[in-house]
Amino acid sequence: MTIKIWTFAALLALTAGAAHAQIADAADAAAFAEELKNDAASDQDVANKDPWEGFNRKMFSVNNAIDGAVLVPAAKAYRATTHKKQRKGLRNLLANARTPAILINDLLQGEFKRAGETASRFVVNTTIGFGGMGDPAERMGIAQHSEDFGQTLAVWGVSSGPYLFMPLLGPSTIRGGVGSIGDTAMDPAIWIRTDAAKYLRYSRAGATGLALREPLIEPLQDIEDNSLDFYASIRSFYMQSRKREIANGRTNFDDLPDIGDFEEFDELE
Amino acid sequence: MRITSMVHRLGVAMIAGVMLTTPALADDETEYFIQAVLDEAEPYLNAPDQDTQFDGIRQLVDKYVDMRRVGLFTLGKYARRITPEQKQVYLPLFKEYATGIYQNSLSTYAGEKLKVTGSVDRSQRDIIVNSEIIDAAPGSQLDHMVVHWRVYRSRDGHLTIVDVGADNIWLAIEQLEQFTSIIANNGGPPAGIDALIADLKEQTADE
């Protein structure tokens with residue numbers, strides 16, 4: 001346990017330190033503005049965000065092999081043996097168990113209104129929602145949102161670092177990876193050192209995997225069937241959706257590739 | 001002196017006023033444009049069989065999506081390096097591929113009603129029109145889903161669709177990232193573009 005926290009703290013210090021150093025180096029405002037502009041420009045060029053593409057592609061195929069051999073059959077069996085309502089109940093239950101971590105991250109990001117929603121959801125769903133099986137909070141108009149420590153780091157200004165694909169964990173970035181360690185530490189079950197808690201953690205990890213994979217059986221198959229480069233498709237979808245989540249759903253069209261990129265083709269004949 | 005300064009101020013205010021109001025008018029035009037496309041799409045999306053849906057979407061894509069522009073956009077920095085011969089093969093293949101993607105993505109909204117909710121001008125020529133699924137079945141995942149349309153206004157004022165996105169995830173951007181990745185991983189142009197063309201041929205032949 002101590003090792004876990006230490007690694008986490010060290011990683012955090014490293015990334016935060018790096019971000020800090022960047023700002024200090026660019027004390028000159030003009031240079032800093034230029035740097036921001038360059039960051040934005042390189043953001044468009046995904047190749048720059050994926051310097052470990054070779055490694056990531058290997059991990060991607062390892063993941064797909066495991067996925068096809070184990071996860072998809074298990075998810076299909078899970079679908080065949082359960083009712084839609086039961087699956088929804090399990091998804092709700094797991095989501096409710098994650099609420100404390102979401103709350104901490106809402107607070108760390110200074111999103112107090114969202115933190116209030118998260119806390120209300122937890123209270124409502126844990127009580128009249130039978131420990132989280134139901135989602136009466138949703139019907140009361142308190143919508144669910146996700147938040148994790150990777151997003152908190154992003155809000156704090158830690159840059160995403162390279163794209164990283166890990167088998168079973170799926171697409172992420174270095175920031176997201178460090179973030180998941182943070183989220184693990186925010187999980188109450190991780191701090192209880194009994195066999196029962198250990199069993200709970202493992203079975204919850206398994207259930208989470210199944211519950212997450214089951215509704216994605218068709219959509220992922222669809223993306224695979226329709227793409228020429230499945231790896232690049234997933235990377236693009238991940239990067240685009242992550243940007244939106246970090247902005248907490250506030251739509252921002254500023255960093256789309258410029259229409260100039262479309263316009264210059266007027267002259268290309 | 002005072003009067004000239006007032007006239008001057010008035011002039012500035014008027015210019016500012018014109019600058020502020022013009023984009024709003026432009027918004028209206030693009031919003032009407034997309035709403036008209038959505039109205040035209042509605043009977044197709046409500047068709048019970050997939051063939052009618054797909055045929056309808058194809059007709060609308062032919063009519064309103066500038067596939068040549070999108071096809072060149074998705075080549076990214078390689079758009080200037082494609083040879084005329086390659087371009088002649090690539091553009092029709094791209095059109096076929098992208099039409100298939102439109103058919104596949106838009107038919108997800110079969111039976112739903114989309115309504116334009118507003119727009120954002122990135123520039124005079126580059127407008128994003130937002131639409132939302134209304135009246136979806138209660139509890140449906142699609143309820144209130146936002147679908148964005150990127151509209152390009154040509155120099156002569158002609159409007160075309162260049163990209164479509166759902167909840168901020170854009171199709172042409174995803175295609176750009178796939179295509180540039182394939183070209184780069186196959187040794188860059190011209191060989192990389194030939195590899196892309198071969199992949200597109202294979203993909204469109206399956207359909």
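**Reading a predicted two-chain model**

Mentor: In this predicted model, the face of α2(B) turned away from its buried side carries B:Asp51, B:Asp62 and B:Lys63, which are exposed.

Trainee: Which residues of α2(B) are buried?

Mentor: B:Gln53, B:Gly56, B:Ile57 and B:Val61 are buried.

Trainee: Why do those residues lie on the same side of α2(B)?

Mentor: Start with the general idea. An α-helix makes a turn every 3.6 residues, so residues three or four places apart point the same way. In this case, the buried residues of α2(B) are on the same side because they cover an arc of only 135° around the axis.

Trainee: How many Å should helix α2 of chain B span?

Mentor: Its 15 residues, 50–64, should span 21 Å at 1.5 Å a residue. The C-alpha atoms at the ends of the helix are 21 Å apart, so the model agrees with the expected value.

Trainee: What else does chain B contain, and in what order do its elements run?

Mentor: Chain B has six helices and five strands. From the N terminus on, the order is α-α-α-α-β-β-β-β-β-α-α. Of the 207 residues in chain B, 31% count as buried. As for contacts in chain B between residues at least 6 apart in sequence, 54% join residues at least 24 apart.

Trainee: Which residues have the most contacts inside the largest nonpolar core?

Mentor: They are B:Ile34, B:Val129 and B:Val151, in a core of 41 residues. Take B:Val151 as a case: leaving out residues up to four places away in sequence, B:Val151 touches B:Thr30, B:Phe33, B:Ile34, B:Ile127, B:Val129, B:Leu159 and B:Ile161. There is also a second, separate core of 14 residues, with A:Ala154, A:Val178, A:Tyr231 and A:Ile246 among them.

Trainee: Now the interface. How many residues of chain A are in contact with chain B?

Mentor: On chain A, 23 residues are in contact with 28 residues of chain B. The elements of chain A that give two or more residues to this side are α3 (46–49), α13 (230–246) and α14 (260–263). The largest share, eight residues, comes from α13(A). By class, the side of chain A that touches chain B has 11 nonpolar, seven polar and five charged residues.

Trainee: Where in chain A is the pLDDT below 50?

Mentor: First, the whole chain: the mean pLDDT of chain A is 72, and 76% of its residues reach 70 or more. Over residues 1–44 of chain A the pLDDT is below 50, and this stretch has 22 contacts in the model beyond near neighbours in sequence. Where pLDDT is low, the predicted coordinates should not be read in detail.

How values were computed. Residues numbered from 1 in each chain as written. Chains lettered and ligands numbered in written order. Predicted model: local features only at pLDDT ≥ 70, side-chain atom pairs only at ≥ 80, totals over all residues. pLDDT = per-residue confidence, 0-100. Contact = placed C-beta atoms within 7 Å. Helix = DSSP H or I, 4+ residues; strand = E, 2+ residues; numbered from the N terminus. Nonpolar A, V, L, I, M, F, W, Y, C, P; charged D, E, K, R; others polar. Core = buried A, V, L, I, M, F, W, Y, C linked by C-beta atoms within 7 Å. Buried ≥ 20, exposed ≤ 12 C-beta atoms within 10 Å, placed from the backbone. Expected span 1.5 Å × (residues − 1). Arc of directions from axis to C-beta.
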